[in-house]
Amino acid sequence: MIVEKKTMEQINPFKPEPARIVRTYYLTEDVKFFQVRLVDMDRALSFKYKPGQFAMLSVLGVGEAPFSISSTPSRPGLLEFCIRKAGTVTNALFRLKENSLIGLRGPYGNGFPIEEMKGKDIIIVVGGLGAAPLRSVLLYCLDNRDQFSRVSVLYGARRPAEMIFREEYFALRERGDLECRLTVDRDDTGAWKERIGVVTTLFAYLNKVKPENTYSLVCGPPVMYKFVIKELIKLNIPKNQILMTLERRMKCGIGKCGHCAIDYIYTCLDGPVFTYWNVIHMRELI
Amino acid sequence: MRILKLKKQDLFTFLESISKEPELWAPQKKGDKYIFEKVEDFSKIELQTTRTIIPPKKIMVPPVFNMFNFNESEYYEDFSHITKKILFGIHACDIHGLLTLDKLFVQEYPDPYYLKARKNTLILGLSCWPDEYCFCQSTRTHIIEEGYDLFFTNLERHFLVWIGSSQGDDLVRLVPSLFDENLTDKDIQEYILWQAEKEKAFKTEIDFITMPDLMELKYNTPFWEKVGEACLACGSCSMVCPTCNCYNVTDKTFLGKKPGKRIRYWDSCTLPEYSEVAGGENFREKKSDRLKLWYTHKLQAYVSKYGKPSCVGCGRCLVTCPVGINVKTVAKALEGEVVDAFWNRLSKEVTK
């Protein structure tokens, strides 16, 4: 028999809390933005999380899946997600109208090491939907702008319509305290005024990078990592200061269901944020 | 720890008197194999069994159970599958199996379903004798010092009964007259001899000390491709393994109408969709990659975290895998032996 742990036992970590979709709209053809609030107002305001963490969202009767949180903890109350239509849960989420009830539990995962990043230069490299988890840390840095040194964003998408939050980026650039470079693989609108080319071509714009003092955060499709990391290594950014956030199948979010196991770690507990150093020393990470 | 003596003929009297309220579960015969099943008839309890088909993890985490009921707006937890149970006849390897599951399910975010089932189950262990598939001596799980409420060692003339917890002690106190506190020198001698004989009875030996290094060194050998070819990806190895814990979760409704249930059911990392994410990306599409996960997780990764493998030497994978992929054949093959296994026969057939 094992010892009873009374305090922990009262909480069922698998139980989704009721949450309401406050607002939802399309960001691209297959990506939707969701603003969600826990129904219990006290819980909604006390829900503490870190940029880079994720939550499990449930559609009642359909199932549950992990989603990275796109909002910043510096703006409490509402949680935001940008979700691509890809499976059964996301298909069901897309059908839900504003004011619908869903289930939410979390936050889970390690998140970005914000404390270590303070006072440093931040280079955020985004590919496509990688903007979802990185938006959280970008907005966090901008909301606490004096705690960070230079902040740069390099964002590549396939075409202008697939660049999520592009209007938000244009607006953020107006602040003047952020270097923001945008590129698309090809312009099918004829109205694209930014760069055309893959995201690595934006590295040419970075000047006077102080590698020891820089943290680089990367998220994008699997193919992107190899090329982006090559550029970051060229800039001499230490391997443990190159951070990436990874995707895995997850059924629990708390290290029980096994699906996200890699070597001796669970992506849900020890990730989803990993350093490039982790990646070199752990098989199957990317 | 107190050790008492119980007459052979008094065992069922004892079991009967302690299982008035809780259900008694014990190994019973099914065909030529054994299963843990609720006891309806005491004469059906088997005392000299080999491994049961499915380990007792099925009592802590049933193969399928309902986690939540939901209506239009909320999920409500459901613990109705958990009842008070006494589990008699569980072998040392399987108790080690539960202790291994404890580490996973109780750490960080304790799993309330596992915890509640564990708390409601009393463990009454029983000694056993190895057959040709047992290798718990190699995993050092043939001896058990914790994790049971009572442990019965089945000797020639009587049972020696170890009291492992206060709840175990309470059980004994329900019928104290059945137990004898006075062990004679002869009793002790009999136990020592039995123990020594048992140590010599193992026929299968595996070197688990070098296994993590071998796993590392041979991670990219063609061996894994060969085993991957032979693997049927049926998941049986995980179903019968006492330390496999992976599961899936799904919501079930009747014709899409609410209310419904959130169901949790056993999964296996050898199944094709195990590492597949929405959109179709599959991080372990190849069977060899999934088998590597199964084996490195148990024999390498677990060692790096807990200092020992998560294999308890029960031999279930040896008697279950239809194509002979199991801890023994994989370990021996990694050690460089040419093992008589299906994948070898298969490749011979193919290259003929």
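This is a short walk through a two-chain model, first the sheet of chain A, then the contact between the chains, then chain B. Please keep in mind that the model is predicted.

I start with chain A. Six strands make an open sheet here, and the order across it is β4-β3-β6-β1-β2-β5. The pairing is antiparallel. At the edges sit β4, residues 63-68, and β5, residues 79-84, each of which pairs on one side only. On average, neighbouring strands of this sheet are turned by 40° against each other, direction ignored.

Now the pairings, beginning inside the sheet with β1 of chain A, residues 17-26. On one side β1(A) pairs with β6(A), antiparallel, over four bridges. With β2(A) the pairing is again antiparallel, and it runs over seven bridges. The link between β1(A) and β2(A) is a hairpin of four residues.

Ala19(A) is a useful residue for finding your way here. Which residue does Ala19(A) stand opposite in β6(A)? That is Ile102(A). In β2(A), the bridge partner of Ala19(A) is Leu38(A). As a general reminder, side chains in a regular strand alternate between the two faces of the sheet.

Moving to the β4 edge, strand β3 of chain A, residues 54-59, is joined to β4(A) by six bridges, and the two run antiparallel. One pair to look at is Val59(A), whose bridge partner in β4(A) is Gly63(A).

There is also a helix on this sheet. Helix α3 of chain A, residues 88-95, packs on the sheet and touches β2, β3, β4 and β5 of chain A. The direction of α3(A) makes about 85° with that of β4(A).

Next, the contact between the chains. 38 residues of chain A are in contact with 47 residues of chain B. Which elements of chain A give two or more residues to the side that touches chain B? They are α1, residues 6-9, together with β4 and β6, the latter being residues 101-108. β4(A) gives the most, with three residues. So the edge strand we met earlier appears again, and I will come back to no other part of the sheet. By class, this side of chain A divides into 17 nonpolar, nine polar and twelve charged residues.

That brings me to chain B. This chain has 13 helices and twelve strands. The radius of gyration of chain B is 22 Å, close to the 20 Å that the globule rule gives for 352 residues, so chain B is as compact as a globular protein of that length. Along its principal axes, the C-alpha trace of chain B spans about 65 × 60 × 40 Å. Of the 352 residues in chain B, 43% are buried. Among contacts in chain B with a separation of 6 or more, 70% come from residues 24 or more positions apart.

The domain assignment divides chain B into domain 1, residues 3-57 + 66-200, and domain 2, residues 211-351. Taken over C-alpha atoms, the centres of the two domains of chain B are separated by 27 Å. The contact between them takes 28 residues from domain 1 and 24 residues from domain 2.

Where does the domain 1 side of that contact come from? The elements giving two or more residues are β4, residues 64-70, and α3, residues 92-106, of chain B. The largest share, eight residues, comes from α3(B). By class, the domain 1 side has 14 nonpolar, nine polar and five charged residues.

Key
Residues are numbered from 1 along each chain as its sequence is written. Chains are lettered from A and ligands numbered from 1 in the order in which they are written. This is a predicted model: local features need pLDDT of at least 70, side-chain atom pairs count only at pLDDT 80 or more; totals for chains, interfaces and linings use all residues. Two strands pair if DSSP finds at least two bridges between them. Axes are lines fitted to C-alpha atoms, for helices over the stretch in contact, and angles run from 0 to 180 degrees between N-to-C directions. Two residues are in contact if their C-beta atoms, placed from the backbone, lie within 7 Å. Ala, Val, Leu, Ile, Met, Phe, Trp, Tyr, Cys and Pro count as nonpolar, Asp, Glu, Lys and Arg as charged, and the others, Gly among them, as polar. Domain bounds come from an automatic or database domain assignment. The radius of gyration is taken over C-alpha atoms; the globule rule is 2.2 Å times the number of residues to the power 0.38. A residue is buried if 20 or more other C-beta atoms lie within 10 Å of its own, exposed if 12 or fewer, and partly exposed in between; C-beta atoms are placed from the backbone.
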